[in-house]
Amino acid sequence: MDPRPLLLPALFAALAALPAPAQRDSEQRDSAQREAERPERGGTPESAEVLEAPTEPGIAWFGSWDAGLAEARRTGRPILIMSATPQCHGVPGMW
Amino acid sequence: MVAASRAFVCLRPQTYESAEEAEVLSWVYAGRDGALRNTSFGVLSADGERKLTRSGRSPSMVYETPGAFVAALVALAEEHVADDAPAIRALPALPDLRIALTVAAADLRPLVVLREADPERLEELRALLRDAAWSDEFVGRFRYVVLDDEADLEGFEALELKPGISVVQAEAFGRGGEVLAHVALDPADAREDRDPAKESPLAATLRAGLDAFAVANTSVRDHLRRGRREGIEWVPAVEVTDPGRRR
């Protein structure tokens, strides 16, 4: 069973509104070709789907309490706070 | 959701990476045992002193549906955000390079690194980057970190980050990355380039970084399996107190 709590993928999919992978247009290189050209990239199992950069705006997250609080005080805007840890069972790089 | 979020300062601290933040997060939400959980959610007043909603481990603990959550955010904005409230302008940066690389890897987003040791020049570059970060074209598409000291690069020298602004693709576990685009921006030149008839070198660099970015969307299972196989371990700054996350 996947050890990751089910809420996290749903949470960040909804809140960060992670855009779908960029749709390739005819002028862009095929992802597989791009991967083949850059085989040295770490963490890229050959079988994994390749995602390109998001094409749509997303949520701009402040990454520290002090910075976010300072901006909230300056603007008088409330704080939408969500915390998470960027490691999954001790392995970094995954919420 | 993204549109509704714009009325708020959206803040995502990293749980278990700061004792000071852990204290705040424990106030926002803690389990019945009083211990800080891996995730927490809440909406706070602008001074950070009051909770404007129930808090929980996630919005789904507080709202039945995503639609209900959005509706609540809209209502909260109407009640708590003045019509003439200043726009959010500060650079939404992460606290250090180690965390920034890991967060960028987890978010599958490119990381923009501003590196500059000279304080005056740093602030000029930060202002330029801040404007780009909140522009319609780029808002929410990158993660950011600012490095103003050589020591900030410790452990990540292999990245060879040059002074200026770099777009980095983090390695899957945040142990390093690849510089996709870089500009050694001259603030004076960049200000002149704000002439809409001229292309901004910063915008061109950010676009180049986005265009070059491509990451593997590995499953959680595969990511964990590979991480464990390679002995990759994240050491949090403070004790993990979530019963489900203790190892």
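Here are some worked exercises on a predicted model with chains A and B.

**Exercise 1. Get to know the two chains.**
Work out how many helices and strands chain B has, and what pattern chain A follows along the sequence.

*Solution.*
Step 1: Start with chain B, where you'll find eight helices and eight strands.
Step 2: Turn to chain A, which comes to three helices and four strands. Reading along its sequence gives you the pattern α-α-β-α-β-β-β.
Step 3: Now look at burial. Of the 95 residues in chain A, 39% are buried; in chain B, buried residues make up 46% of 247.
Step 4: Finally, take the contacts with a separation of 6 or more. In chain A, 58% of them join residues 24 or more positions apart. For chain B, the share is 58%.

**Exercise 2. Size up chain B.**
Find out what radius of gyration chain B has, and what a compact globule with its number of residues would have.

*Solution.*
Step 1: For 247 residues, a compact globule would come out near 18 Å.
Step 2: Chain B has 20 Å, which agrees with that expectation.
Step 3: Check the extents too: along its principal axes, the C-alpha trace spans about 55 × 55 × 30 Å.
Step 4: Then split the chain up. Domain 1 of chain B covers 2–80, and domain 2 covers 93–212. Taken over C-alpha atoms, the centres of these two domains are 28 Å apart.

**Exercise 3. Put a three-stranded sheet in order.**
Say in which order the three strands of the open sheet come, and which of them are the edge strands.

*Solution.*
Step 1: The order is E1(B)-E2(A)-E2(B), with mixed pairing.
Step 2: The edges are strand E1 (9–11) and strand E2 (40–44) of chain B, since each of them pairs on one side only.
Step 3: On average, neighbouring strands here are turned by 10° against each other, direction ignored.
Step 4: Zoom in on one pair. Strand E2 of chain A, residues 79–83, runs antiparallel to E2(B), and five bridges join the two. Try finding Ile79(A) in the structure: its bridge partner in E2(B) is Leu44(B).

**Exercise 4. Find the two sides of a helix.**
Take helix H2 of chain B and decide which residues are buried, which exposed ones sit on the face turned away, and what the buried ones pack against.

*Solution.*
Step 1: H2(B) covers residues 19–28, and its buried residues are Glu21(B), Ala22(B), Val24(B), Leu25(B) and Val28(B).
Step 2: Look down the helix axis. These buried residues fall within an arc of 165°, so they line one face of the helix.
Step 3: The face turned away from the buried side carries Ala19(B), Glu20(B) and Glu23(B), which are exposed.
Step 4: The buried residues pack against helix H3 (65–75) and E2 of chain A, together with E2 of chain B.

**Exercise 5. Place two residues.**
For Gly67(B) and Glu124(B), decide how each one counts: buried, partly exposed or exposed.

*Solution.*
Step 1: Gly67(B) lies in helix H3 of chain B, residues 66–80. It has 10 C-beta neighbours inside 10 Å, and 12 or fewer means exposed.
Step 2: Compare its position with Cys10(B). The two are 57 residues apart in sequence, and their C-alpha atoms are 18 Å apart in space.
Step 3: Glu124(B) belongs to helix H5 of chain B, residues 119–133. Its count is 18 C-beta neighbours inside 10 Å, so Glu124(B) is partly exposed.
Step 4: Now pick out Ser55(B), 69 residues from Glu124(B) along the chain; 38 Å separate their C-alpha atoms.

Technical notes. Residues are numbered from 1 along each chain as its sequence is written. Chains are lettered from A and ligands numbered from 1 in the order in which they are written. This is a predicted model: local features need pLDDT of at least 70, side-chain atom pairs count only at pLDDT 80 or more; totals for chains, interfaces and linings use all residues. Two strands pair if DSSP finds at least two bridges between them. Axes are lines fitted to C-alpha atoms, for helices over the stretch in contact, and angles run from 0 to 180 degrees between N-to-C directions. A residue is buried if 20 or more other C-beta atoms lie within 10 Å of its own, exposed if 12 or fewer, and partly exposed in between; C-beta atoms are placed from the backbone. Domain bounds come from an automatic or database domain assignment. The radius of gyration is taken over C-alpha atoms; the globule rule is 2.2 Å times the number of residues to the power 0.38. Two residues are in contact if their C-beta atoms, placed from the backbone, lie within 7 Å. The arc is that of the directions from the helix axis to the C-beta atoms.
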